[in-house]
Amino acid sequence: MTDKPDLIYLDYAATTPVDPRVVATMSGLLELAGDFANPSAVHLAGRRSSAHVANAAEQLAALLHVQPDRLIWTSGATESNNLAIIGAARARQHRGQHLITMPTEHKAVTDVFRALERQGFDVTWLLPDERGALDIDALEAAFRDDTQLVSIMHVNNETGLIQDIARIGESCRRRDVLFHVDAAQSVGKLPIDLGQLPVDLASMTAHKLYGPKGIGGLYIADRSGCHIEPLMFGGGQQRRLRPGTLAVHLIAGFGRAAEIAGTSLVEDLEHLTSLRDQLWAGICDVPGVRLNGDIDNSFPGILNASVADIEGESLLLALEPLCVATGSACNSQNQEPSYVLRALGRSDAEVQSAIRFSFGRQTRHEDIVVAIRRYRSAVSKLRDLAPVLAA
Ligand SMILES: *Cc1c(COP(=O)(O)O)cnc(C)c1O
């Protein structure tokens, strides 16, 4: 953060800054001098806009190893999750009403399933192990004759834990159950070959991979039985699955961000791994520190740790100018302790003191040095203030 020396931004899992190359792409698509026209229009200007949309679909499709016509543009991963889960549940409800997910999913999945429960669907919530992973035998045991959909995320947004989506997908395919993956934290960050993986529906969002906020995607596999109902009705855009005028500048920005992610993915992963290892080496010996998740099976851009006898909000404030998260960004508004860490069996105190550090392309080793120093001094300062608790 060279332009804001007072802040050290370590919250890339909540959102990323937009890459300047993405900004350049987008800014050419807004004004009269640029390709601003409605891509549904048949005139020359419309066809030019439409070419940018087609190009972006090619760029995102190349990153995911799928055909461009399998992608639907949405407003973000929240909408993609809603469209995939509700759309699939409704398309298949004549066959059965049983659905399977986990309580450690993002709110944009758990709250969708809760809404479906209120509408009469029957949802099985599979508990994770203490690191957050799904037990494949528990999934096998949960299948019923009327099961229609399984939704499991790829990378957990709070802990970074990676679920084995290949194995989960194989179990689903054997039973002709649709498999949806919330891939908001993994697209553009881990190699994903959706052309090979047994995944039917995958949600993603541009603002987690250095693209703009307000644009996302939904991948729908080209497979018989993989069909969803739309949630919105309007123009005929996007095969009527998600109508509305396409946001050409946002779509082109997403495409460019996907293209950049494809070329820098390996380098990014190496950089993130060295930052994560540096941070963990610098704080793991602090008395009472415990890692949340599984460092050997995680996306390296996220490190989540709890510390005994310390309260998270005070820790967060004592850590300033580090910008880190307690629980997940989506929960901090209502100050709810993390339901994800609770589901991992963490004690109230551990959940309360959990801090999520998340890094990105622009994070430097110097930033981690400051983060380690701040964390160590914040913990000892708070312990000095409350010696009775620490004793
Ligand atoms: C960020 C995130 C979302 C929500 O994405 P939006 O584009 O902000 O709607 C959903 N799921 C996961 C796992 C996320 O990390």
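## A trio of tyrosines

Let's start with two rings: Tyr-9 and Tyr-12 are both buried. Keep in mind that this is a predicted model. The two residues form an aromatic pair of the edge-to-face kind, with 5.2 Å from centre to centre and 65° between the planes. Across the whole structure, a search turns up 5 aromatic pairs.

Tyr-12 has another partner too: with Tyr-210 it makes a tilted aromatic pair, 6.2 Å centre to centre and with 50° between the planes. This one ties together distant parts of the chain, since the two residues sit 198 residues apart. Tyr-12 is in the loop between strand E1 (8-9) and helix H1 (20-27), while Tyr-210 is in the loop between strand E7 (201-205) and E8. Put the ring pairs together and you get a cluster of Tyr-9, Tyr-12 and Tyr-210.

How do Tyr-12 and Tyr-210 score on burial? Tyr-12 has a relative accessibility of 4%, so it counts as buried. Tyr-210 comes in at 10%, and therefore counts as buried as well.

## Around the ligand

Now for the ligand. The residues surrounding it are Gly-76, Ala-77, Thr-78, His-106, Met-153, Asn-157, Asp-182, Ala-184, Gln-185, Thr-205, His-207 and Lys-208. Sorted by class, this shell holds 3 nonpolar, 7 polar and 2 charged residues.

Three of these neighbours put a polar side-chain atom by a ligand oxygen atom: Thr-205 at 2.6 Å, Lys-208 at 2.7 Å and His-207 at 2.9 Å. On its own the ligand would expose 380 Å², and the protein buries 87% of that.

## Asn-81, a contact of Asp-182

Asp-182, one of the residues around the ligand, also has a polar contact with Asn-81, side chain to side chain, at 3.1 Å. You'll find Asn-81 in helix H3 (residues 77-91).

Is Asn-81 buried or exposed? Its relative accessible area is just 1%, so Asn-81 is buried. Leaving aside residues up to four places away in sequence, Asn-81 touches Ile-86, Ala-108, Val-109, His-180, Asp-182 and Ser-203.

## Gln-237 in its loop

Last stop: Gln-237, which belongs to the loop between strand E8 (216-220) and helix H7 (248-283). Being in a loop doesn't settle whether a residue is covered, so here is the value: Gln-237 has 16% relative accessibility and counts as buried, because the cut-off for buried is under 20%.

Which residues does Gln-237 touch, not counting those up to four places away in sequence? They are Ser-40, Arg-242, Pro-243, Gly-244 and Thr-245.

Note on methods: Residues numbered from 1 in each chain as written. Predicted model: local features only at pLDDT ≥ 70, side-chain atom pairs only at ≥ 80, totals over all residues. Heavy atoms only, no water. Near = heavy atom within 4 Å. Polar contact = N/O pair within 3.5 Å; in protein donor to acceptor, adjacent residues only side chain to side chain. Areas by Shrake-Rupley, 256 points an atom, 1.4 Å probe, with all protein chains shown as cover. Nonpolar A, V, L, I, M, F, W, Y, C, P; charged D, E, K, R; others polar. Helix = DSSP H or I, 4+ residues; strand = E, 2+ residues; numbered from the N terminus. Buried < 20%, exposed > 50% of the residue type's maximum accessible area, 1.4 Å probe, protein only. Contact = heavy atoms within 4.5 Å. Phe/Tyr/Trp six-rings, centres within 6.5 Å; stacked < 30°, edge-to-face > 60°.
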